[in-house]
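Colleague: Could you take me through the second pocket of this model closely, and then set that pocket in the context of the rest of the chain?

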Amino acid sequence: LGSMGVPVQYERNFRAKLAYFRAQCSSHFLNGHARLSISRDGLLEESFQQIQRLPASDLRKRLCITFLGEEGLDYGGIAREWFLRVSRDFFNPMFGLFEYTGAHYSLQINPASDVANVAHLDYFHFIGRVIGMALFHGRCIDGGFTLAFYKRILGRKACLQDLELVDHDFYQSLAFIRDNDVDVLDLELYFNGNYYKFDSLQEEELKPGGREIKVTEANKMEYLK
């Protein structure tokens, strides 16, 4: 294994891809500054307002971030702190946009984000901008997503195995259905599902008329998708 705990050939491949990505970002860097002036007490809301007002091209300029009432030039340390603090705030499950899953505390979108925050779509757009800025400027954020979420970003299809790290018990239930004859078991499953939205139990059909369509051995793979 290499220094990153993976086979050397994969580590070299990753380093080559990372170097190429960094070079591409550098080649698209624009002259000028993207200036943010933010108070520590209003960090998230003020960051949201100011980032959303900037044209996309400005996000590729050198970041110049100041905290109100604090003198000093940003040689990288303030920007580094800002990325960590603002991402910690919007990833916080108490803010209602994301939730932790599984034993590894990976993040996924909270399905009740629309209830927790009426401006959730605007905030998700803002968060996408911040993550894009972090990638472009080579900064770290305080959080990581589930494998299924990364696949969705890349336009790749998630598989049942991806669910194991998100909800192990639910994965085991679906794996049991996959590996056994449901006609013999007669589980009385239908193409609908239940989930909790805060304290309220919600029902959703997996396909039109799903609550009337029974899961059989013939159609169970469609159900598992």
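Modeller: In this predicted model, the lining of the second largest pocket comprises, by class, 13 nonpolar, three polar and one charged residues. That lining is made up of 17 residues, and those nearest the centre of the pocket are Ile 131, Leu 135, Phe 145, Tyr 150 and Ile 153. Two elements, helix H5 (120-137) and helix H6, give two or more residues each to this lining, and H5 gives the most, with six residues. The space enclosed in the second largest pocket comes to about 460 Å³.

The largest pocket offers a useful setting for these values, with a space of about 1900 Å³. Its lining counts 34 residues, of which Gln 108, Leu 163, Phe 170, Leu 174 and Lys 225 are the closest to the centre. Helix H6 (147-154), which contributes to the second largest pocket, is also among the elements that give two or more residues to the lining of the largest one, together with strand E3 (98-101), strand E4 (106-109), helix H7 (168-179), strand E5 (192-197) and helix H9 (220-224). Of these elements, E5 gives the most to the lining of the largest pocket, with five residues. By class, the residues lining the largest pocket divide into 18 nonpolar, seven polar and nine charged, whereas the lining of the second largest pocket has a charged count of one.

The domain assignment gives domain 1 (31-145) and domain 2 (160-224) for this chain, and the lining of the largest pocket takes at least three residues from each of the two. Taken over C-alpha atoms, the centres of domain 1 and domain 2 are separated by 36 Å, and the contact involves nine residues from domain 1 and four residues from domain 2. The size of an interface is often expressed as the accessible area that is lost when the parts come together. For domain 1 and domain 2 the area buried between them is about 530 Å², with 68% of it on carbon and sulfur atoms. As for charged pairs, zero salt bridges are found by the rule across the interface of domain 1 and domain 2.

To return to the part you asked about, the second largest pocket has a lining with 13 nonpolar residues, and helix H5 is the element that gives the most to that lining.

Definitions and conventions: Residues are numbered from 1 along each chain as its sequence is written. This is a predicted model: local features need pLDDT of at least 70, side-chain atom pairs count only at pLDDT 80 or more; totals for chains, interfaces and linings use all residues. Side-chain values use heavy atoms; hydrogens and water are left out. On a 1 Å grid over the protein atoms alone, a cavity is a set of points where a 1.4 Å probe fits but cannot get out, and a pocket is an open set with protein on both sides within 12 Å along at least five of seven lines; lining residues have an atom within 4 Å of a point. Grid points are joined across faces, edges and corners, and a volume is the space filled by probe spheres set on the points. Helices (H or I, at least four residues) and strands (E, at least two) are DSSP runs, numbered from the N terminus. Ala, Val, Leu, Ile, Met, Phe, Trp, Tyr, Cys and Pro count as nonpolar, Asp, Glu, Lys and Arg as charged, and the others, Gly among them, as polar. Domain bounds come from an automatic or database domain assignment. Contact means heavy atoms within 4.5 Å. Buried area is the accessible area (1.4 Å probe) that two parts lose on being put together, summed over both. A salt bridge is a side-chain nitrogen of Lys or Arg within 4 Å of a carboxyl oxygen of Asp or Glu.
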